[in-house]
Amino acid sequence: MKQAIIDIGSNSMRLTVYEVAGETFKILFREKSMAGLAGYVEEGRLSPEGIARACSGLLEFRETLAALDITAVAVFATASLRNIFNTAEAVWAIQTATGFSVEVLSGTEEALLGYYGAGLEVHCTSGAFLDIGGSTEVVVFDQGQPVQSASFRMGSLSLYRSYVKKILPGEGALKRMKEAIEETVEEKALLDFSRRTHLICVGGTARAALKLCKKVYHLTPGSRTITMEQLE
C-alpha cells in the first residue's frame, strides 16, 4: 500500500510517499514547500497569514495525492504549531480549510520518533541524537535504547529571530545566544553525554553544517560524517 506522511515544520512543509509492505517500506518520492511558518509568529501566535500559508501548502500536497489516488495520509506538526499560544485555533483552521486531520506532536514524541527514524539508517548502539530546527530535541541512547530525552523550545530559527538584527550575528548576538542556550539547557535537563563518542544529527541546521564542512575541508561529495574538530 502507499502511505503519505506530511510534516508541518517551522521552516518547511514536507510530503513523503512510501510503499509499505508489512514492516518494510521504501520512499517513492518527496515534495517540499518552503512555508516559513516561524516568520509568521507574532507575539507567540501564528498569524492569519501564517495559517493561510500552511493551508496553501497542504492544499498543494492534496492535489498531488489526489492525482496519484493516494488516500492514506497522516499529517503531523512539531514546533511550528506546538510552540505557539493559539495551537488549537490554528489546528482547527487548518483542518477546516484542508480536510486533513493534524496531529501536534509533543516534544518528547518528536525526540523519540526522530531518534527511531534515524536509527533505521544509521546503526550506532551508543551515542546521542540531535535535531535542531524550530525547536531542539536530544536523545541519549545506550545499547540501542534511549535512556534520556529532552525537547527545548529554542531552535536555530527562534534564536535567529530573537537575537540577529541583520543577516549575520555579531559578537554581541553570539554571546547573548550562547547565554540563552546555556540557561535553557540548565533549566530543562541534565543530560549525561559521558562516554558518548558519536552524535547523530538531523534537520536543516545539521545539513547546513555538513555542507559547510564539505567546502572548508574538501570532503568527498557523498560524505555524511564530520569530526568534532571539524565541527568546532
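H218 counts as exposed, at 70% relative accessibility (exposed means over 50% relative accessible area, buried under 20%, partly exposed in between, with a 1.4 Å probe and protein chains only). H218 sits in the loop between α7 (204-217) and α8 (228-231), where helices (H or I, at least four residues) and strands (E, at least two) are DSSP runs numbered from the N terminus. Its phi is near 55°, a positive value in a residue other than glycine.

Keep in mind that this is a predicted model, where local features need pLDDT of at least 70, side-chain atom pairs count only at pLDDT 80 or more, and totals for chains, interfaces and linings use all residues. Residues are numbered from 1 along each chain as its sequence is written, and side-chain values use heavy atoms, leaving out hydrogens and water.

**Positive phi elsewhere**

- E43 also has a phi near 55°, and E43 is not a glycine either.
- Look for E43 in the loop between β4 (41-42) and β5 (45-46); with 78% relative accessibility, E43 counts as exposed.
- G99 comes right after helix α3, and the phi of G99 is positive too, near 80°.

**Helix α3**

- Helix α3 runs over residues 87-98, which makes 12 residues, and it spans 16 Å from first C-alpha to last, close to the 16 Å expected at 1.5 Å a residue (the expected span is 1.5 Å times one less than the number of residues).
- Its buried residues are T87, A90, V91, I94 and T98.
- Seen down the axis of α3, those buried residues fall within an arc of 95°, so they line one face of the helix (the arc is that of the directions from the helix axis to the C-beta atoms).
- An α-helix has 3.6 residues a turn, so residues three or four places apart point the same way.
- Turned away from that buried side of α3 is a face with the exposed residues A88, W92 and T96.
- As for neighbours, the buried residues of α3 pack against β5, α1 (48-67), α2 (79-82) and β7 (102-104), with contact meaning heavy atoms within 4.5 Å.

**Helix α4**

- Helix α4 has 13 residues and reaches 18 Å from its first C-alpha to its last, close to the 18 Å expected at 1.5 Å a residue.
- G107, E110, A111, Y115 and A118 are buried in α4.
- Down the axis of α4, the buried residues fit within an arc of 125°, so they line one face of the helix.
- Those buried residues of α4 pack against α2, β8, β9, β10 (145-152) and β11 (199-202).

**Salt bridges**

- Searching the whole structure turns up five salt bridges, each one a side-chain nitrogen of Lys or Arg within 4 Å of a carboxyl oxygen of Asp or Glu.
- One of them joins the side chains of E89 and R45, at 2.9 Å from N to O.
- That pair ties together distant parts of the chain, with E89 in helix α3 and R45 in strand β5, 44 residues apart.
- E89 is partly exposed at 43% relative accessible area, and R45 is partly exposed at 38%.
- The side chains of E137 and R82 also meet in a salt bridge, at 3.5 Å from N to O.
- Here the link runs from E137 in strand β9 (residues 136-142) to R82 in helix α2, distant parts of the chain 55 residues apart.
- E137 is buried, with a relative accessible area of 0%, and R82 is buried at 17%.
- E121 pairs with R224 in a salt bridge, their closest N and O atoms being 2.8 Å apart.
- This pair links distant parts of the chain as well: E121 is in the loop between α4 (107-119) and β8 (127-132), and R224 is in the loop between α7 and α8, 103 residues apart.
- E121 counts as exposed at 53% relative accessibility, and R224 is exposed at 60%.
- R82, E110 and E137 are joined into one network by salt bridges that share partners.

**A nonpolar patch**

- Y160, I167 and L168 make a nonpolar surface patch of about 370 Å².
- Patches are made of residues with over 30% relative accessible area and no salt bridge, joining like charges within 9 Å and nonpolar side chains (Val, Leu, Ile, Met, Phe, Trp, Tyr) within 5 Å.
- The areas come from the Shrake-Rupley method with a 1.4 Å probe, and for residues only the protein chains shown count as cover.
- L168 sits in the loop between α5 (156-163) and α6 (171-188), and at 69% relative accessibility L168 counts as exposed.
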